[in-house]
Amino acid sequence: MQMQHRAAACSNAFPSSPNFEDEYSWIGDDYPAYLPLDLGGPIALVLEDSRHYPLNSSDADAEWESVYPGGGLGFVRLGPRKRFFSLSLYHQVHCLDSLRHTILGGAHAHGGGEGAHARRDVEHSAHCLNYLRQTIMCNADLTLEPEVVEGSQDVGEGLAAVHVCRDWSKVHDFVLRNWDDWEKWKEQQE
């Protein structure tokens with residue numbers, strides 16, 4: 001039943017006009033399933049071992065936070081009443097960063113510590129692992145990663161393979177503009 005609901009949502013997922021916000025009431029289930037951004041054609045990304053976004057360093061937290069545009073952690077507000085939504089892209093990044101903090105023995109945005117906080121961290125990590133598993137499977141990246149040495153059946157770390165990607169910089173730009181619009185809208189409401 002759940003898959004049927006999702007399939008139905010996908011068939012009507014993309015609004016038909018550039019003014020998509022006018023096509024919905026943004027109340028209840030009356031909103032698009034996807035943010036209808038034109039991301040252009042595919043872009044190539046060669047995976048490499050990067051010194052950026054490390055597990056732990058003096059600037060690791062700042063680098064991870066720099067992924068989020070504006071001050072809204074990748075959330076958007078849409079429609080005339082500025083309904084709050086998460087974008088899966090940034091939810092996925094949040095989960096990666098939360099797992100990074102968990103690996104380091106700390107907490108991320110949940111307080112940390114003992115008792116209920118520690119249980120919440122374990123529950124949040126379990127959520128993130130499941131969420132990332134499902135979104136990875138959903139995206140079904142079919143990039144071929146060759147063996148390090150032919151015949152070894154070892155692909156190493158999967159580096160140097162060229163992946164076909166969507167241009168996430170356009171998502172970043174949209175979310176940044178949306179954040180700025182949200183800030184202006186809030187000022188007008190005061």
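Colleague: Is tyrosine 90 buried or exposed?

Modeller: Tyrosine 90 counts as buried, because its relative accessibility is 4% and the cut-off for buried is under 20%. Keep in mind that this is a predicted model.

Colleague: Which residues of α3, the helix that holds tyrosine 90, are buried?

Modeller: The buried residues of α3 include Tyr90, Val93, Cys95, Leu99 and His101. Polar and charged names are there too, among them Gln92, Asp97 and Arg100. α3 has 16 residues and reaches 22 Å from its first C-alpha to its last, close to the 22 Å expected at 1.5 Å a residue. After α3 comes glycine 105, with a positive phi near 85°.

Colleague: Before going further, how many helices and strands does the protein have?

Modeller: There are five helices and four strands. Read from the N terminus, their order is α-β-α-β-β-α-α-β-α. Of the 190 residues, 28% count as buried.

Colleague: What share of the contacts between residues at least 6 apart joins residues at least 24 apart?

Modeller: The share is 61%.

Colleague: How should I read a nonpolar core, and which residues have the most contacts inside the largest one?

Modeller: The general idea is that nonpolar side chains tend to be buried together in soluble globular proteins. Here the largest nonpolar core has 16 residues, and Val76, Leu78, Leu87 and Val175 have the most contacts inside it. Two or more residues come from each of β2 (75-78), α3 (88-103) and α5 (168-189). The most come from α5, which gives three. A second, separate core has five residues, including Cys95, Leu99, Cys128 and Tyr131.

Colleague: What does leucine 78 touch, leaving out residues up to four places away in sequence?

Modeller: Leucine 78 touches Phe20, Glu21, Trp26, Leu35, Arg83, Phe85, Phe174 and Asn178. Take Phe20 from that list: phenylalanine 20 sits in the loop between α1 (2-11) and β1 (43-46). Phenylalanine 20 is buried, with a relative accessible area of 8%. Its C-alpha is 8.5 Å from that of proline 32, although the two are 12 residues apart along the chain.

Colleague: Let us turn to α5. Which of its residues are buried?

Modeller: In α5 the buried residues are Val171, Phe174, Val175, Asn178, Trp179 and Trp182. They lie on the same side of α5, because they cover an arc of only 145° around the axis. The face turned away from that side carries the exposed residues Lys184, Glu187 and Gln188. Among what covers the buried residues are β2 and α3.

Colleague: How does the length of α5 compare with what its 22 residues should span?

Modeller: At 1.5 Å a residue, α5 should span 32 Å, and its end C-alpha atoms are 31 Å apart, which agrees.

Colleague: What should I look for in a pair of aromatic rings, and how many pairs are there?

Modeller: Look at the distance between ring centres, which must lie within 6.5 Å for a pair, and then at the angle between the planes. The count comes to eight aromatic pairs. One of them joins tyrosine 68 and tyrosine 90: the ring centres are 6.1 Å apart and the planes stand at 45°, so the pair is tilted. Tyrosine 68 lies in the loop between α2 (60-65) and β2, and tyrosine 90 in helix α3, so the pair ties together parts that are 22 residues apart in sequence. Tyrosine 68 is buried as well, at 9% relative accessible area.

Colleague: Where do tryptophan 182 and tryptophan 185 lie with respect to each other?

Modeller: Both are in helix α5, three residues apart, so about one helical turn separates them. Their ring centres are 5.5 Å apart and their planes at 20°, so this pair is stacked. Tryptophan 182 is buried at 15%, whereas tryptophan 185 is partly exposed at 24%. Arginine 77 lies over the face of tryptophan 182, at 4.2 Å from the ring centre.

Colleague: Which residues do ring pairs link into a cluster?

Modeller: The cluster is made of Phe20, Tyr24, Trp26, Tyr31 and Phe85.

Colleague: Last topic: backbone angles. What is the phi of alanine 140?

Modeller: As a general rule, most residues other than glycine have a negative phi. Alanine 140 has a positive phi of about 40°. Alanine 160 also has a positive phi, of about 80°. Alanine 140 lies in the loop between α4 (116-139) and β4 (162-165), and alanine 160 is in the loop between α4 and β4 too. Alanine 140 is partly exposed at 44%, while alanine 160 is exposed at 59%.

Key:
Residues numbered from 1 in each chain as written. Predicted model: local features only at pLDDT ≥ 70, side-chain atom pairs only at ≥ 80, totals over all residues. Heavy atoms only, no water. Core = buried A, V, L, I, M, F, W, Y, C linked by side-chain atoms within 4.5 Å. Buried < 20%, exposed > 50% of the residue type's maximum accessible area, 1.4 Å probe, protein only. Contact = heavy atoms within 4.5 Å. Expected span 1.5 Å × (residues − 1). Arc of directions from axis to C-beta. Phe/Tyr/Trp six-rings, centres within 6.5 Å; stacked < 30°, edge-to-face > 60°. Lys NZ or Arg CZ within 6 Å of the ring centre and 35° of its normal.
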